[in-house]
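The exercises below are to be worked with the sequence and the 3D structure at hand. Each task is followed by a solution in steps.

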Amino acid sequence: MLEDQTVAIFVFAGLVCATILSSLLSFRIGSPLLLVFLVVGLLAGEDGFGLIVFNNVDAAYLVGSVALAIILYDSGYATRFRSYRAAGFPAVVLATVGVLLTAALTGIAAKFFFGLGWLEGMLIGTIIASTDAAAVFFLLRVGGVTIRERIRSLLEIESGTNDPMAIFLTVLLVELIVAGAGAESLDISFAGRFVWAMAGGGLIGALGGAVVLFVVNRIQFDRPLYPLMVLSLALIVFGVASLMGASGFLAAYVAGLIAGNMRIRYSQVLEDFQSGVTWFCQIAMFLTLGLLATPSEFPAVFAGALAIGIFLMFIARPISVWLCMLPFRFPVNEMGFVSWVGLRGAVSILLGIIPLVAGIENGQTYFNIAFIIVLLSLLVQGWSIKPVAHWLGLIVPPKTGPVDRVQLELPTKSRHELVTYKIAADSPVAKGVRMPRWARPSLVVRDGASMSFRLAGKLKEGDSIYLFVTPRQVQLLDKLFARPVPEEEFDSTFFGDFNLKGDAKMADVAALYEFGVTGEELELTVDEFLRRRLPSPLDVGDRTTIGPVDLIIRSLDEDGNRVVEAGISVQPSRPTLETMPLPLPTVLKNVVVRWVRSFRSRMREE
């Protein structure tokens, strides 16, 4: 018995190592890394090489729930409040109304594709209705996709907050099916349960975040114990909310959101530890779910699952996104991208386990359908996110090159950090640009020798300089120490051909580029003009057309309230509704285009 356990530990540890090593290949060929995790689990399972025979659905659900709670806590911890200012309300609408619409449309399709009853069809719809936080956060934060701030914030908030809706609907439908009840049994009590699940989860999560802040900031432990204490508290918050009938996953996310946006000690240590644990949770969750699957059973439902997956990607998700986002005046290309980034992942597979745990007849079918759709989503959508974002003009080109920087949080109540930069060739500092007065250089290391900043003289390539700064000032210093951006990487179609200061007068700009504005607008600055023309909140890359040119926001102040720099494109190439590469069939796309034009016309009349 002990020998069997040792072999299991050895095999599982080997699988984790193999999964991590396979990430090197994944980055080279551009495949979604989470797909690799699933495939490794499938290959190691009973239908693969048979290294581990795993069929314990209760254990799989437990592992998945704990891992997802930690992933959501870390997701909330890494999400800034300013993201909610940029896209909070539309994201929450997508996470609630959007999930409900997606589940309903997909459920109708599932009923007819598989010949199921209404409740059974809707159960399939709810299982695959939510986007996966692990997949979205990985592809947007780790996968090298730098998209515009407003869309990135919307996708991250939606993926972090839509799981409770899908979980509540799935559990509700499973209860009805087990009880043999029909949709007519739904009454006001279910609405009350939903309200408590959402409101209770948010309230318990906020209190849990406050407890995390109090423990870290007020109680003295050995420093290595703080990250362990924080993750333990996050799981306690998850457990308390779940036991009280609220959404534990929402509570974990909100607790992370509160803790990550307030002043907390050892923030860099916590962030680094949580990042590593989150990676392990993703690997463990996807490996476990891959081991649980039995691919030999997939052919029986493959055709129907493939049809549902295609319907979900090309019809249900786009329709739901467009209905939810149209009132918020999002551009067509942004709505098209959000409709495409509806990645399904571990959450859908985890929800597919619930019918198995509940003992529903043909429960394995729901799990197999969810697994096939997740594989399809990661293959098609996960592999194409970066090309589609580039195609739709949402990739933000770099304005500054990479920096070689190390940050060290000081173990005091000081709001300063110790930041180390290595001087890069051709960086502004290497060319003699002076640092601002608020920067406090304390040490320069040159050729292995330490010296004071005053004695070092002009900084040279290869020098390392140590400065005391506040966290908000680090990004400003990055511009001074960054390598220059190669000319071929600078995208003038995104930033414009020429640069304008935000305080430039529109009268001077209009005279120089020969376009017309009203007499009142001539008195405005570029900043005031763009704030009047564009919907709030502003975002880098927002543009407005004035006759033959486009005026584009290049940079904003720290609060995102004022335009610091704008670009002007004298030969703009703008996508239109007709030419936009929407992820929709041609016929449906033409219907959507006519409907959007009609809707916007009514909005202007009102």
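**Exercise 1. Two packed helices**

Is the crossing of α13 and α16 left-handed or right-handed? Describe the packing as well.

Solution. Note before starting that the model is predicted.

Step 1. Two packed helices are described by the angle between their axes and the distance between the axes. Helix α13 covers residues 299–325 and helix α16 covers residues 363–391; they pack at about 50 degrees, and their axes are 9 Å apart.

Step 2. Angles of 65 to 115 degrees count as roughly perpendicular and those under 35 as roughly parallel. The angle here makes α13 oblique to α16.

Step 3. The crossing of α13 and α16 is right-handed.

Step 4. On the α13 side, the contact is made by V301, F302, A305, L306, I308, G309, I310, L312 and M313. On the α16 side, the residues are T365, N368, I369, I372, I373, L376, S377, V380 and Q381.

Step 5. Sorted by class, the contact of α13 with α16 has 13 nonpolar residues, 5 polar residues and no charged residues.

**Exercise 2. A second pair, and one residue in it**

Find the angle at which the axes of α4 and α7 cross, and sort the residues of the contact by class. Then place E158 in its surroundings.

Solution.

Step 1. Helix α4 (residues 81–114) and helix α7 (residues 149–161) have axes that come within 8 Å and cross at roughly 50 degrees. The two helices are therefore oblique to each other, and α4 passes α7 in a right-handed crossing.

Step 2. From α4, the residues R82, S83, Y84, A86, A87, G88, P90, A91, L94 and A95 take part. They meet E149, R150, R152, S153, L154, I157, E158 and T161 of α7.

Step 3. The contact of α4 with α7 divides into 9 nonpolar, 4 polar and 5 charged residues.

Step 4. E158 lies in helix α7. Its relative accessible area is 2%, so E158 is buried.

Step 5. Leaving aside neighbours within four places in sequence, E158 is in contact with A91, L94, A95, T131 and R317. E158 and A133 are 25 residues apart in sequence, and their C-alpha atoms are 8.4 Å apart in space.

**Exercise 3. The span of a helix**

Why does the distance between the end C-alpha atoms of α8 agree with its number of residues?

Solution.

Step 1. Helix α8 runs over residues 163–179 and has 17 residues. The expected span is 1.5 Å times one less than the number of residues.

Step 2. That gives 24 Å for α8, and its end C-alpha atoms are 24 Å apart, so the two values agree.

Step 3. Of the 17 residues of α8, 13 are buried, and the helix is mostly covered. Just after α8, G180 takes a positive phi of about 70 degrees.

**Exercise 4. Buried or partly exposed**

Decide for I127 and A358 how each counts by relative accessibility, and list their contacts.

Solution.

Step 1. I127 is in helix α5 (residues 118–127). Buried means under 20% relative accessible area, and I127 counts as buried because its value is 2%.

Step 2. Apart from neighbours within four places in sequence, I127 is in contact with T170, S348, L351, G352, P355, Y366 and A370.

Step 3. A358 is in helix α15 (residues 346–358). With 37% relative accessibility, A358 counts as partly exposed.

Step 4. Not counting residues up to four places away in sequence, A358 touches V174 and V178. A358 and V174 are 184 residues apart along the chain, while their C-alpha atoms are separated by 7.4 Å.

**Exercise 5. Positive phi outside glycine**

In which loops are Y266 and D447 found, and is each buried or exposed?

Solution.

Step 1. Most residues other than glycine have a negative phi. Y266 has a positive phi of about 55 degrees although it is not a glycine, and phi of D447 is positive too, near 55 degrees.

Step 2. Y266 is in the loop between α11 (248–261) and α12 (267–292). At 13% relative accessibility, Y266 counts as buried.

Step 3. D447 is in the loop between β3 (440–446) and β4 (449–451). At 81% relative accessibility, D447 counts as exposed.

How values were computed
Residues are numbered from 1 along each chain as its sequence is written. This is a predicted model: local features need pLDDT of at least 70, side-chain atom pairs count only at pLDDT 80 or more; totals for chains, interfaces and linings use all residues. Side-chain values use heavy atoms; hydrogens and water are left out. Helices (H or I, at least four residues) and strands (E, at least two) are DSSP runs, numbered from the N terminus. Buried means under 20% relative accessible area, exposed over 50%, partly exposed in between (1.4 Å probe, protein chains only). Axes are lines fitted to C-alpha atoms, for helices over the stretch in contact, and angles run from 0 to 180 degrees between N-to-C directions. Angles under 35 degrees count as roughly parallel, over 145 as roughly antiparallel, 65 to 115 as roughly perpendicular and the rest as oblique. A crossing is left-handed if the near helix is turned anticlockwise from the far one by less than a right angle, and right-handed if clockwise. Contact means heavy atoms within 4.5 Å. Ala, Val, Leu, Ile, Met, Phe, Trp, Tyr, Cys and Pro count as nonpolar, Asp, Glu, Lys and Arg as charged, and the others, Gly among them, as polar.
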